[in-house]
Structures are given as structure tokens and as C-alpha cells.
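Notebook open, model loaded. I want to go through the sheets first, then the rings, then the cysteines.

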Amino acid sequence: MKTELLAALRSAEGFVSGQELCDKFGVSRTAVWKSIQKLKAEGYQIEAVPNKGYCLTGVADILNKEELENLRNTEWTGNKVVYFEVTDSTNIQAKRLGEEGWPHGTLVVAGRQEAGRGRRGRTWESPGHTGVFMTVLLRPSFLPGQASMLTIVAAMAVTKAVRVKYGLDVQIKWPNDIVLNGRKICGILTEMNTEIDAINYVVIGIGINVSNERFGDDTAKVATSLRIEGGGEIRRAELIWAVWEAFEAYYGNFIKTGDLQGIKHEYDGYLVNIDRQVRVLDQKEPFTGTARGITAHGELIVETDEGIKRVSSGEVSVRGIFGYV
Ligand code: ATP
């Protein structure tokens with residue numbers, strides 16, 4: 001009844017009378033009042049005025065399955081939503097669902113992660129109620145070699161969503177980090193399960209720092225959050241769908257050609273490294289050069305004294321020569 005009551009308040013133009021709600025759900029006034037109290041306790045701001053009824057006046061940053069399903073505005077991402085208040089890592093859970101046969105588009109979201117991971121097994125700091133931790137499960141028909149481009153597609157989606165919705169000037173540090181004022185607000189981790197020449201499933205995990213006020217000692221130097229950078233009060237559920245809405249558009253573009261030719265130009269416009277000196281931390285042969293954008297396959301083009309080099313994302317990190325970017 002709580003869910004239906006919330007839906008009724010959401011679709012109302014203003015106040016809905018207590019009697020109307022009683023009639024609609026076939027319950028007593030006391031039952032309606034009790035459900036309203038529960039919603040208030042969860043963070044929904046509901047005004048109650050005698051002779052007028054109830055009105056939903058605001059919603060705090062609530063994140064749960066109901067809220068996510070209620071606000072969903074996408075075509076296929078999140079066709080199934082799996083929500084955990086706490087989990088090890090949304091990528092681990094999405095891979096498990098991948099093994100169990102869950103469909104293309106399934107979205108896993110968590111309130112908090114206890115074993116959030118970045119590339120090469122590094123930790124992703126994931127404290128409760130302050131961030132977005134989510135992973136989408138995809139079952140694409142393209143080849144395994146094309147999957148690394150999905151990280152670029154996802155980075156574009158986060159960048160676009162944050163720019164359009166919150167007006168913050170976020171940029172991309174190639175290939176998988178979103179930065180704001182030189183610090184990281186988002187990391188992306190793509191993993192896949194393949195046959196020799198086919199993909200069983202891919203998972204794309206996205207962690208966004210939303211309302212963190214501080215970070216642990218290991219990350220404080222490189223991390224920031226949307227709140228710290230002036231993003232104001234952000235509702236995670238809205239941010240989540242803004243990301244997947246943008247993702248669907250870029251993904252459609254990527255699928256049409258099987259590469260990034262339709263997105264590349266826009267990506268280069270968001271690239272924090274563009275025309276800057278970068279240090280490519282290749283494990284065998286690190287080198288320095290000037291970043292000039294990406295290829296249609298998502299490699300970073302670096303101009304060096306020995307000529308142009310194309311860096312593929314695999315195991316490489318890129319740094320500015322004086323700092324993180
Ligand atoms: P780079 O390319 O900069 O070396 P990466 O993109 O490979 O890094 P990831 O593996 O995506 O990095 O993320 C892990 C790293 O990110 C950690 O080593 C830590 O420094 C940093 N980090 C961990 N948690 C957070 C967080 N919540 N916000 C920002 N940065 C974080």
C-alpha cells in the first residue's frame with residue numbers, strides 16, 4: 001500500500017484528500033495516516049492540511065528499489081533492478097546474475113559496497129549513502145575485442161549526465177575516470193565473460209562520489225565529490241537514471257558502427273588530457289608525450305619524439321606530468 005500511496009501522491013497535481021485515498025485503496029483513515037508516517041520516516045516530505053488532505057512537497061535523497069523503479073525513464077537499461085542496501089561489489093553481483101541468465105539491461109545498485117574495486121584489484125572507497133554504486137549487465141552480440149570501448153561509452157554517459165543535470169564542468173581522464181577540478185569523482189570498471197569469439201556477458205560498474213565530505217587517507221589526494229565541487233543537493237536515484245538515459249543514446253551510436261566514430265569528436269571535447277603532456281605508465285616501457293585525442297577504437301593518441309603512439313587502455317594508466325591530470 002505504501003508504494004501505491006506514494007504513486008498516488010506523485011501523480012496528484014496538489015493535495016489529495018484523505019477520503020479519496022481511503023476509497024481508492026479500500027482502507028481506513030488510520031491506515032492511510034500510518035502509511036503516510038512510514039513514508040515520512042523514509043524521507044518523503046508530505047504536508048498534511050485539515051480539509052485538504054496530503055501533498056508530496058519534497059523528497060530527500062532516498063535510494064531503494066521502489067524509488068528507482070518509480071523514477072525510471074530509460075528504454076531498456078534497468079528493465080530489471082536489483083537493489084542491495086549493502087553488498088560486496090555491484091560488479092561481483094552483476095557477474096553472478098550474468099551466470100544465472102539475467103537479461104541484457106539488468107541494473108544492480110547498492111547503497112554501500114564493502115569490497116568496491118577499481119582496475120588491477122585496487123580498492124574503490126564506497127561509503128554508505130554518499131555515492132552511487134551501480135553495474136549494468138549487457139549481453140551484446142559484438143566481438144570481445146570491441147568491449148573495451150564500452151568504458152569510453154560509459155564515461156561519456158556520466159560526463160553528459162552530470163554536465164546537463166548539475167551544470168558541473170566534469171571532464172574525462174582517459175580512459176575510465178571522470179574528474180572535476182583535477183580530482184576524481186567517478187571511476188568505471190568494465191569486465192567480461194567470453195567464449196573464444198563471443199561475449200557471454202559484460203558488466204560495466206560505475207562509482208560516483210556524490211555527497212562525500214571527506215575521503216580516506218589513501219584517496220584524499222585524488223578524490224572529490226559532486227557536493228564538494230558545488231553540485232548542491234543531489235538525489236542519487238535521479239542521477240542514476242540520467243546516466244543510463246545518456247548511456248542508451250551513446251550505446252545506440254556505438255552499436256550502429258561497432259566503433260566510436262560517431263562519439264569520438266564529443267569525447268575529445270571532454271578529454272582533460274587533450275593537448276597536454278602526459279606520462280603513460282606502461283608497465284614495460286613508460287613514456288611521455290602530448291595527448292591528441294582518441295581513435296575510433298578508443299586508443300589514446302600520443303605524440304612523442306619518436307612519432308605517434310596509440311595507447312590501448314588495457315593495463316595502462318595516464319598521468320599529467322606534474323600531477324594526477
Ligand atoms: P589511474 O588510471 O588514475 O591509475 P585507475 O583509473 O586505473 O587509475 P581505478 O582502478 O579506476 O583507477 O580506481 C582505483 C583508484 O582510485 C584507487 O587506487 C584510489 O587511488 C582511487 N580511489 C578509490 N576510491 C575512490 C573514490 N571513491 N573516489 C575517487 N578515487 C578513488
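**Sheet one.** I started with the open sheet of seven strands, which runs in the order E3-E4-E5-E9-E8-E7-E6 with mixed pairing. This is a predicted model, so I kept that in mind throughout. Which strands stand at the edges? They are E3 and E6 (171-173), and each has a single partner strand, so one side of each is left without a neighbour in the sheet. I also looked up the twist, and it averages 20° from one strand to the next.

I then zoomed in on the E6 edge. E6 pairs with E7 (residues 177-180) in the antiparallel sense, over three bridges. Within that stretch I found Lys-173 opposite Asp-177 in E7.

**Sheet two.** Next I turned to the open sheet of five strands, ordered E13-E12-E11-E10-E14, where the pairing is antiparallel. Here E13 (307-311) and E14 (318-320) take the edges; each has a single partner strand, so one side of each lacks a neighbour in the sheet. Ignoring direction, neighbouring strands of this sheet are turned by 45° against each other on average.

At the E13 edge I counted the bridges to E12 (residues 300-304): there are five, and the pairing is antiparallel. Thr-304 stands opposite Gly-307 in E13. While I was in E13 I checked Lys-309 too, and found that Lys-309 lies over the face of Phe-287, at 4.3 Å from the ring centre.

**Rings.** How many aromatic pairs does a search of the whole structure find? I got six. The one I wrote down in full is Trp-76 with Tyr-251: the pair is tilted, with 5.3 Å centre to centre and 50° between the planes. Trp-76 is in the loop between H4 (65-71) and E3 (81-84), while Tyr-251 is in H7 (residues 236-257), so this pair ties together parts that are 175 residues apart in sequence. Buried or exposed, these two? Both Trp-76 and Tyr-251 are buried.

I followed the ring pairs outward from there. They link Trp-76, Phe-142, Trp-244, Phe-247, Tyr-251 and Phe-254 into a cluster.

**Helix H7 and what follows.** With Tyr-251 sitting in H7, I checked the helix itself. At 1.5 Å a residue, its 22 residues should span 32 Å, and the end C-alpha atoms are 32 Å apart, which agrees. Right after H7 comes Gly-258, with a positive phi near 75°.

Farther along, I looked at Gly-262, which is found in the loop between H7 and H8 (264-270). Gly-262 has a relative accessible area of 47%, so I logged this glycine as partly exposed. I also took a C-alpha to C-alpha distance back to Tyr-250: Gly-262 and Tyr-250 are 8.7 Å apart in space and 12 residues apart in sequence.

**Cysteines.** Last stop. How many disulfides are there, taking sulfur atoms within 2.5 Å as the rule? The count comes to zero. For Cys-55, the nearest cysteine sulfur is that of Cys-22, 17 Å away, and Cys-55 is in no disulfide. I noted accessibility as well, with under 20% as the cut-off for buried. Cys-55 has a relative accessible area of 14%, so Cys-55 is buried. Cys-186 comes out at 0% relative accessibility, so Cys-186 counts as buried too.

Notes
Residues numbered from 1 in each chain as written. Predicted model: local features only at pLDDT ≥ 70, side-chain atom pairs only at ≥ 80, totals over all residues. Heavy atoms only, no water. Disulfide = S-S within 2.5 Å. Buried < 20%, exposed > 50% of the residue type's maximum accessible area, 1.4 Å probe, protein only. Phe/Tyr/Trp six-rings, centres within 6.5 Å; stacked < 30°, edge-to-face > 60°. Helix = DSSP H or I, 4+ residues; strand = E, 2+ residues; numbered from the N terminus. Lys NZ or Arg CZ within 6 Å of the ring centre and 35° of its normal. Expected span 1.5 Å × (residues − 1). Pairing = 2+ DSSP bridges. Axes fitted to C-alpha atoms, helices over the stretch in contact; angles between N-to-C directions.
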